[in-house]
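The following paragraphs offer a guided reading of one protein model. The reader is invited to keep the sequence and the coordinates in view while proceeding from one region to the next.

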Amino acid sequence: MKILLTNDDGIGAKGLNVLAEKLENAGHSVYVIAPDSNRSAVSHHITMYSINTLKENGKNRWACSGYPSDCVCIGLKSDLFDFKFDLVISGINEGANMGTDIIYSGTCGAARQAVLDGIPAIALSVDPEEWTSECRANIKYEAMAAFAANNLEQLIAFASTEVPRIFVNVNGASRDSYLGVKYCQSLCIRDYGDRLKIVEKDGVKETHFIPGGALAREDKACDAYNVKEGYLAISRVFAEPLAAQIVDGIQFKV
């Protein structure tokens, strides 16, 4: 299988490289286009009014100056390759991409772009035990990588390139093994608690982002709860915006 691999943590990220090695050892042809540095929380950002550069970073590997969705566009829309990919995988991300996270996630943005371009896509993310420097440096990616490599056909079956298009989102904790798989249609709602601090320097106001705790509201059916319990949470996420029904009885003046 020809697989395009990307992420939002950057081409040197451990999760991406553990996954690439696992997929190559399983006999797949892996091509990596990933940002040249961290691009977390860029969502579906696409470069339109400036150029991106590509630099070779090893055999079948390129570092891109753009964003995760740019990397997918380059792999699928440009003439860099003379073949069509069978699959796009985004990850393995450092940190979860569950529920509300999906809106902001560059990891999920890349997977979304792939299915919009007609290629099945999977987003993979591992949550550290705690969001500390030590825990982040010691995230265990091997179990997630092995799961993906051993279940590609099953995961691809969950994706859809027909409207409304769907990518597959897989989350797990930093563990040596998982208790099993939970299919989660219920996605967590995060209470981030983020804020912005204004600092004035030389007459210029600067904004400093202060992260909160990213706590999930209690819901035992959701992805966050099942990841915390030691399971892999798999969700099918719509790529297209889906509008809700109009509320009856509302009159507009035009």
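A residue is called buried here when its relative accessible area is under 20%, exposed when that area is over 50%, and partly exposed in between. The model under discussion is a predicted one.

With that cut-off in hand, helix α4 is a suitable place to begin. The helix spans residues 106-116, and ten of its eleven residues are buried, which leaves α4 mostly covered. The buried residues are Gly 106, Thr 107, Cys 108, Gly 109, Ala 110, Ala 111, Arg 112, Gln 113, Ala 114 and Val 115. What surrounds them? The buried residues of α4 pack against strands β1, β5 (87-94), β6 (121-127) and β7 (166-173), and also against helices α2 (68-77) and α3 (101-104). Both ends of the helix carry a local feature. At the start of α4, a side-chain oxygen of Ser 105 comes to within 3.1 Å of the backbone nitrogen of Thr 107. After the helix comes Gly 118, which has a positive phi near 90°.

One of the strands packed against α4 is β1, and the loop between β1 (2-6) and α1 (14-25) holds Asn 7. Asn 7 counts as buried because its relative accessibility is 0%. Its side chain reaches the backbone oxygen of Gly 10 at a distance of 2.8 Å. When residues up to four places away in sequence are set aside, Asn 7 touches Ala 13, Leu 16, Ala 34, Pro 35, Pro 68, Ser 90 and Gly 91.

Gly 91, one of the residues touched by Asn 7, also takes part in an unusual piece of backbone geometry. The peptide bond from Gly 91 to Ile 92 is cis, with omega near 5°, and Ile 92 lies in strand β5. A cis peptide bond also runs from Val 163 to Pro 164, with omega near -5°. Pro 164 belongs to the loop between α7 (152-158) and β7.

Positive phi angles at residues other than glycine form a further topic. Ser 43 is not a glycine, yet its phi is positive, at about 55°; this residue sits in the loop between β2 (29-35) and β3 (54-56). Asn 60 likewise is not a glycine and has a positive phi of about 60°, and its place is in the loop between β3 and β4 (61-64). Ser 43 has a relative accessibility of 23% and therefore counts as partly exposed. Asn 60, with a relative accessible area of 26%, is partly exposed as well.

The path now turns to strand β9 (residues 190-191), where Arg 190 is found. Is Arg 190 buried or exposed? Its relative accessibility is 13%, so Arg 190 counts as buried. The side chains of Arg 190 and Asp 101 are joined by a polar contact of 2.9 Å. Beyond its neighbours within four places in sequence, Arg 190 is in contact with Ala 96, Met 98, Thr 100, Asp 101, Ala 214, Leu 215 and Ala 216.

Strand β10 (residues 195-201) presents another picture. The number of buried residues among its seven is zero, so β10 lies largely in the open. Its partner is strand β11 (residues 204-210): the two strands run antiparallel and are joined by seven bridges. Within this pairing, Leu 196 stands opposite Phe 209 of β11. The hairpin has two residues between the strands, and Asp 202 adopts a positive phi near 55° there.

Ile 210 also belongs to β11. Because its relative accessibility is 28%, Ile 210 counts as partly exposed. Its C-alpha atom is separated by 5.8 Å from that of Leu 196, although the two residues are 14 residues apart along the chain. Apart from its neighbours within four places in sequence, Ile 210 is in contact with Asp 194, Arg 195 and Lys 197.

The reading ends at the surface. Val 247, Ile 250, Phe 252 and Val 254 form a nonpolar patch there, and together they have about 550 Å² of accessible area. Ile 250, one of these four, is located in the segment after β13 (232-238). With 48% relative accessibility, Ile 250 counts as partly exposed, since the partly exposed class lies between the limits of 20% and 50%.

Note on methods: Residues numbered from 1 in each chain as written. Predicted model: local features only at pLDDT ≥ 70, side-chain atom pairs only at ≥ 80, totals over all residues. Heavy atoms only, no water. Buried < 20%, exposed > 50% of the residue type's maximum accessible area, 1.4 Å probe, protein only. Pairing = 2+ DSSP bridges. Patch = residues over 30% accessible without salt bridge, like charges linked within 9 Å, V, L, I, M, F, W, Y side chains within 5 Å. Areas by Shrake-Rupley, 256 points an atom, 1.4 Å probe, with all protein chains shown as cover. Salt bridge = Lys/Arg side-chain N within 4 Å of Asp/Glu carboxyl O. Polar contact = N/O pair within 3.5 Å; in protein donor to acceptor, adjacent residues only side chain to side chain. Contact = heavy atoms within 4.5 Å.
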